Structures are given as C-alpha cells and as structure tokens.
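Ready for a few exercises in reading a protein structure? Have a go at each task before you look at the solution.

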Amino acid sequence: MRRLRSVAAVAAAAVIGLAAGCSGGGSSDSDKPVKLKFLSLAWQKDSLAANKRLVAEWNKENPKIQVQYVQGSWDNVNDQLVTSFEGGDPPDVIHDDSSALAGFASQGYLTDLTKLLPSSLKSDIPQSAWGTATFAGQGGGEQGIYGVPFLQESQVILANKKMLDDAGVKVPTVDAPWTWDQFQQISKKLTTGKRFGVAWALKSPVNRVLNLALNYGGTFFQTSGGKTTVKVGPQEREVLQRIHDQLYKDKSADPSALGMGTADPLPGFYAGKYAMLPASIYMRQQVIEQAPKNFQWVTIPPLKGQTTQQGEIAQTLSVAADSKHPKEAVKFISWFLNGQHQVELAKGDWLIPTSQTAAKDPSLNTPKDGWDIAIASAKNLILAPYLKVDGYDEFKTKVATPALQSYFANKISIDQLAQKLTGDGDKVLARYQH
C-alpha cells in the first residue's frame with residue numbers, strides 16, 4: 001500500500017543497500033552463515049523500532065542465517081527495485097505493497113512462494129488477504145503467491161469530539177455505522193461560519209475513490225472474453241456524486257482542501273477549521289503525536305452505502321527470484337510475520353494485521369485511540385478490483401488522476417468524467433491485454 005505521504009529522507013541509505021545487492025552465502029564453507037538483505041519500508045518511529053528490534057532478535061537466535069536490515073522509502077522504492085532487478089542484485093526479502101507485485105511477478109522478478117510457505121502461516125492469514133498477493137507469473141503463466149500480506153488499511157473518519165457533542169451528534173458504532181446520507185446531513189449540520197463539516201484531501205484521489213466506491217458495488221472495471229474495460233455506471237457514480245455535492249451543493253466540504261495530501265489538513269483539523277476528516281486508520285498516530293493536549297477526537301467507523309465494503313490491498317514481504325537463498329528467506333519471513341510479531345508491526349504502523357491470531361490480541365481490541373474500530377473495519381475489506389487489472393498504474397497516473405482532479409475542482413461534469421475514464425482509460429488498458 002504505497003501510502004502517499006511525506007517520508008523522512010532515507011533514499012540515500014536505500015540506494016547504498018540496493019546497490020550492494022545480495023551478499024555472501026555462496027561459500028561452500030558450512031560454518032559461514034547465510035546472509036540475507038531485507039529491504040524495509042518502515043517509516044514511523046514505532047514501526048522502525050519494531051522492525052529493527054525483530055531483525056536483531058532473529059540474528060541473535062539464528063547465527064546461521066543472518067539478516068541485514070536495509071532502509072528504503074515508499075517515495076521511490078519501485079524505481080530502485082526495477083534497477084536492482086535488472087542488475088541482477090536485488091535484496092533477498094522485499095517490503096512493498098500488493099499493487100506493485102503483479103508487474104514484478106509477470107516480469108519474473110519475484111519467487112512464487114506457494115510451495116515454500118509453512119502451513120501455520122498460510123492458515124493464520126485469511127484467503128481474502130492472500131488474494132491481494134496472488135497473481136499470474138512470468139508471461140501470464142499460472143497463478144502464484146508472490147508476497148506474504150501482513151498489514152492492511154481501511155478508511156475511517158476522524159472527528160472533533162467536542163464539535164459533535166456541541167451539535168448533539170451521537171458517535172456511531174461499528175454495528176450501527178453512519179450511512180452516506182447521514183454523513184452528508186451531519187457534515188452540513190456541522191458547517192457553521194468559517195468552519196466546514198468535512199475536508200476531503202484529494203490530491204491523490206484514485207485509489208481512495210475506487211476503494212470507497214465498493215460501498216455501492218462500484219468496481220470501475222469489467223472483464224468479458226478476456227478483455228478488461230473501464231465502466232462508470234450508476235454504482236460507480238454514487239460516491240463521486242456525493243463528494244461533489246458536499247463541495248458544491250451542500251458546501252459542507254472545504255474546496256481548498258482538494259489539493260492537499262493525506263496529512264495536510266491536520267493543522268486545520270486541530271484548529272477547528274474542519275469538524276471531520278476522512279482518512280486512513282494510520283492517521284490516528286499522527287493525531288496522537290501532533291494534536292494539542294486538550295484536543296478531543298474520535299474515530300468514526302467506515303461509512304455504509306449499500307454495504308460497508310472497501311477495497312483491500314496489503315503491505316507484503318516478497319522474495320526476489322535472484323535470491324540465492326529463497327528457503328532461508330521464507331523461513332525469516334514466516335518468523336517475522338508470526339501472530340505476535342504482527343501485533344507489534346500493526347501497532348508500529350497503526351494498521352490492521354492480516355494474522356487472525358494478531359487480530360484477536362487484547363491490546364488491538366481496546367477503545368483507546370480507536371483500535372477497536374480499526375480492527376473491526378477489517379471485516380469490511382474485500383479484494384480491490386483494480387489489483388487484478390493490467391495497466392492500472394498507467395491508467396491511474398495518466399487518465400484517472402487528472403480526470404478526477406478536474407471533476408472535484410468542478411471543471412468538468414460527471415458525464416464528462418465518465419467519458420474521459422472510459423474513453424481514454426480503455427485505450428490505455430488495450431495495450432496491456434494479452
């Protein structure tokens with residue numbers, strides 16, 4: 001899940017680590033340990049600490065399989081990986097997100113883990129999550145598992161608790177979530193004077209809109225006779241129209257927030273400029289770290305349309321096809337991602353663990369800091385349809401992003417948006433059809 005956010009500058013370290021490639025392990029001397037490189041994209045303070053501590057613990061307990069931690073960055077990891085793959089010297093263990101795996105798998109850069117994974121790990125992670133890392137192999141070959149999914153995110157709403165209380169708005173529960181209609185009504189009610197009910201940060205709108213569209217069964221893609229095309233019907237239009245209405249009909253959403261990145265509205269949220277902020281669950285951590293001491297906030301469960309479903313993608317650990325030690329790499333991954341360790345990794349990144357064992361941990365099922373809402377939201381996740389679409393990245397970058405930005409800026413109508421997405425989108429996807 002390549003979260004679009006500002007990450008501390010760590011690219012230099014990653015370049016050095018990737019350039020070094022896989023080292024050691026080629027000696028016939030059985031006394032020498034196997035050496036693995038682990039490219040990690042952990043970036044939050046607690047996540048970095050958890051990742052490094054686990055690697056150190058592994059190395060202490062496994063003198064014959066030593067893992068070198070290499071720091072990477074979400075900002076440029078895939079460009080770096082392509083360079084290292086083509087150079088034949090990638091890291092052995094690769095942290096990325098499931099949306100990047102299809103391309104790498106089809107080009108033969110990743111190891112099919114299907115027969116290498118232990119049954120204990122396979123059974124602890126639900127089949128729906130494995131689906132996010134299951135793709136056709138090189139040249140469109142048989143389906144295989146090209147990564148172990150371990151962290152997922154859902155979209156919730158962060159709200160100013162005092163503003164809700166003052167307006168007499170009751171906080172919804174997981175069992176009785178707000179509908180989109182209720183959310184729109186409440187956003188309008190909370191809009192007073194210079195305060196907006198909601199801020200939609202839509203600088204990078206595509207994945208977010210496509211994931212939320214599943215609330216109404218909107219998939220945006222259809223496949224028939226082996227050919228995939230873009231569709232924008234009534235189901236796909238629901239969330240698009242509702243956000244647009246908040247901006248220009250109800251005027252309950254701040255238009256100036258449209259060009260903001262994910263975390264950019266937080267200062268305005270703290271200052272009372274917005275009552276509610278739709279966001280990923282990991283944003284809770286930044287609120288805790290940054291908000292003023294007396295700031296009262298609450299996590300609102302995912303909204304309900306016809307359903308509460310959202311698109312599921314995952315952070316993954318994969319093994320490079322060029323790794324000299326795939327079995328040892330899988331052994332490390334299986335240990336690193338066991339139930340107890342996923343608890344630590346989830347807490348570090350403020351995300352949902354895929355491990356069913358981890359998800360039951362009491363520390364992740366507490367109302368404190370909205371953890372119970374986050375964990376419960378996992379039941380809403382289904383496979384994001386775009387994960388299986390060849391050419392999606394180009395469609396997103398060249399067609400969907402500019403078209404959605406124009407629509408939300410009120411420069412084009414929803415009909416014109418649909419024409420751009422289907423017309424230009426189909427031309428892009430046609431180049432990727434097998």
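The exercises below work on a predicted model, with a solution after each task.

**Exercise 1: two helices that pack**

Task: Work out how helix 2 and helix 13 are arranged, and which residues meet where they pack.

Solution:
- Step 1. Two packed helices are described by the angle between their axes and the distance between the axes, so let's get those two values.
- Step 2. Find the helices: helix 2 covers residues 45-61 and helix 13 covers residues 326-336. Their axes are 11 Å apart, at an angle of about 125°.
- Step 3. Put a word to that angle. Values over 145 degrees count as roughly antiparallel and 65 to 115 as roughly perpendicular, so helix 2 is oblique to helix 13.
- Step 4. Add the handedness: the crossing of helix 2 and helix 13 is right-handed.
- Step 5. Look at who touches whom. Helix 2 brings Asn51, Leu54, Val55, Glu57, Trp58 and Glu61, and these meet Lys331, Phe332, Trp335 and Phe336 of helix 13.
- Step 6. Sort the residues of this contact by class, and you get 6 nonpolar, 1 polar and 3 charged.

**Exercise 2: the cavities**

Task: How many cavities of 30 Å³ or more does a search of the whole structure find? Describe the linings of the largest and the second largest.

Solution:
- Step 1. The search turns up 3 cavities of that size.
- Step 2. Start with the largest cavity, at about 70 Å³. Its lining includes Trp180, Trp200, Pro278 and Pro302.
- Step 3. Ask which element gives the most to this lining: that's strand 7 (residues 155-160), with 3 residues.
- Step 4. Check the classes: the largest cavity is lined by 8 nonpolar and 2 polar residues, with no charged ones.
- Step 5. Move on to the second largest cavity, which holds about 50 Å³. Among the residues lining it are Asn51 and Phe336, and you've already met both in the contact of helix 2 with helix 13.
- Step 6. Name the elements: helix 2, strand 6, strand 14 and helix 14 each supply at least two lining residues.
- Step 7. Count the classes again: 6 nonpolar, 4 polar and 1 charged residues line the second largest cavity.

**Exercise 3: a pocket**

Task: Which residues are closest to the centre of the second largest pocket, and which elements help to line it?

Solution:
- Step 1. Note the volume, about 180 Å³.
- Step 2. Of its 15 lining residues, Pro126, Gln152, Pro353, Thr354 and Ala378 are the closest to the centre.
- Step 3. Helix 6 (127-130), strand 15 (352-353) and helix 15 (356-359) each give at least two residues to the lining of this pocket.
- Step 4. Finish with the classes: 8 nonpolar, 5 polar and 2 charged residues.

Key: Residues numbered from 1 in each chain as written. Predicted model: local features only at pLDDT ≥ 70, side-chain atom pairs only at ≥ 80, totals over all residues. Heavy atoms only, no water. 1 Å grid on protein atoms, 1.4 Å probe; cavity = no way out; pocket = protein on both sides within 12 Å on 5 of 7 lines; lining within 4 Å. Points joined across faces, edges and corners; volume = space filled by probe spheres on them. Helix = DSSP H or I, 4+ residues; strand = E, 2+ residues; numbered from the N terminus. Nonpolar A, V, L, I, M, F, W, Y, C, P; charged D, E, K, R; others polar. Axes fitted to C-alpha atoms, helices over the stretch in contact; angles between N-to-C directions. Parallel < 35°, antiparallel > 145°, perpendicular 65-115°, else oblique. Left-handed = near helix turned anticlockwise from the far one by under 90°. Contact = heavy atoms within 4.5 Å.
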